[in-house]
Amino acid sequence: IDTAKKCILDFLGCVLGSLRMEEETQRLARFIGGLGDHQEATVIGLGLKTSCRNAALAHGAMAEMLELQDTYGPAGLHPASCVMPAALSLAETRHSSGKELLTSIVAGYEAASRIGAAMGLSHLTKGFMSTGTVGTFGAAMAAGKLLGLGRPAMTDCLGIAGFLLPFSMSENLFGGYSIKPIHGGQAARTGIETALLAAEGYTGSERILEGSPPRERGFLSMAGGTLDLDRITRGLGATYEMSDIQFKVLPCCGLTQTAVEATLNLVKSHHLGIDRVESVVVRTFPAAARNVGRNYPTPQSSLIACQFSMPYLVASAIKHGELGLDQFVPECLHDPEVLDFSTKVSVVEDA
């Protein structure tokens, strides 16, 4: 319960912090406002109300913008970006109690984390984004809990979520495209829609995760590599995956955080600057090296591209001696000195 409250505060901080990105949030406000839906749920900071579905979409996108959202490492998942928007928007609409809200959030985090952990990082390696895919299961469980669905309907909720979840691809993320933050909101909105469909009596496969024989082509086998199906229910109700949630210190991809922190520690302890460093070799685990280790930004690269570039982040950390939101303003992103030094940073896999 204590962790769930911390996760709510962290989520709200990410949403409110995104308001400093005026171009992105105003574009989102125009899109959400233009949908013209029921005015039943607040979109924090944007001065408008809309349906709980679209408010969840907005909040999920805003939570992703600063790249400071919470993280569940075993699945490469950001639960707050998908579970929180669904729970908060639906709870506001239904006038749910604080206890009901917290219960739904814990259920959503647990479902998304366990399903994601069953695939491990193989899901990411295949090119999926866990927040958009397995995050939909978590959002659906949170929404179903708030709707008071019983066991059969909650089972259908999982089946429907697996059928409707977005095919979120990291191609858009690593390419630095501005659509990237939307995947958290899309998972949240789909989760609410899933629960509403289940409440109306729609059914979905009870074997959506593992698949039915003889095909056995469930979500996990199709979207993952090596699977640990026992991971989904091991210790269920006794141990909570939420206790392993990590909170980011730096506004960049979780796969880069340890390398950037190590860089900052070296810069401070040895009073380093770009003029004193010839080159950098980062040794890291395979998923980090492959996904963020070989992205070298150009003067035309976007904020997102830089947030997911290990070479750029290390170079920026060396020049500035810190890496906060101020290092991601346009003049810093396009700093020729940082971009040039990025090419001197190599990232290699180290088992």
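Is C52 buried or exposed? Hello everyone, let's start right there: C52 is buried, and its relative accessible area is 6%. Please keep in mind throughout that we are looking at a predicted model.

Staying with the cysteines for a moment, how many disulfides does the count come to? The count is zero. A disulfide is, after all, a covalent bond between the sulfur atoms of two cysteines, and the cut-off used here is 2.5 Å between the sulfurs. For C52, the closest cysteine sulfur belongs to C157 and lies 13 Å away, so the two are too far apart for a bond. C332 tells a similar story: its sulfur is 10 Å from the closest cysteine sulfur, that of C306, which is also too far for a bond. C332 is buried as well, with a relative accessible area of 13%.

Now to the core. The largest nonpolar core counts 113 residues, and Y109 and F137 are the ones with the most contacts inside it. Helix α5, which covers residues 98–119, gives the most to this core, namely 11 residues. If you have the model open, have a look around Y109. Setting aside neighbours within four places in sequence, Y109 is in contact with C7, D70, P79, A80, V83, M84, M242 and I245.

Next, two helix pairs. Packed helices are described by the angle and the distance between their axes, and I'll do just that.

The first pair I'd like to show is α7, residues 134–146, with α8, residues 151–164. Their axes are 9 Å apart, and the packing angle is about 150°. The cut-off for roughly antiparallel is over 145 degrees, and α7 and α8 are therefore roughly antiparallel to each other. The crossing of α7 past α8 is right-handed. On the α7 side, the contact is made by T136, F137, A140, M141, G144 and K145. On the α8 side, you'll find M154, C157, L158, A161 and G162. So F137, one of the core residues I named, turns up here, and so does C157, from the cysteine part of this talk.

The other pair is α3, residues 52–65, with α10, residues 182–199. Here the axes come within 6 Å and cross at roughly 150°, which makes α3 roughly antiparallel to α10. This crossing, too, is right-handed. From α3, the contact involves C52, R53, N54, A56, L57, G60, A61 and E64. From α10, the partners include I182, H183, G184, G185 and Q186, along with A188, R189, I192 and E193.

And that brings us back to C52, the buried cysteine from my opening question. Thanks for listening!

Conventions. Residues are numbered from 1 along each chain as its sequence is written. This is a predicted model: local features need pLDDT of at least 70, side-chain atom pairs count only at pLDDT 80 or more; totals for chains, interfaces and linings use all residues. Side-chain values use heavy atoms; hydrogens and water are left out. Buried means under 20% relative accessible area, exposed over 50%, partly exposed in between (1.4 Å probe, protein chains only). A nonpolar core is a set of buried Ala, Val, Leu, Ile, Met, Phe, Trp, Tyr and Cys residues joined through side-chain atoms within 4.5 Å. Helices (H or I, at least four residues) and strands (E, at least two) are DSSP runs, numbered from the N terminus. Contact means heavy atoms within 4.5 Å. Axes are lines fitted to C-alpha atoms, for helices over the stretch in contact, and angles run from 0 to 180 degrees between N-to-C directions. Angles under 35 degrees count as roughly parallel, over 145 as roughly antiparallel, 65 to 115 as roughly perpendicular and the rest as oblique. A crossing is left-handed if the near helix is turned anticlockwise from the far one by less than a right angle, and right-handed if clockwise.
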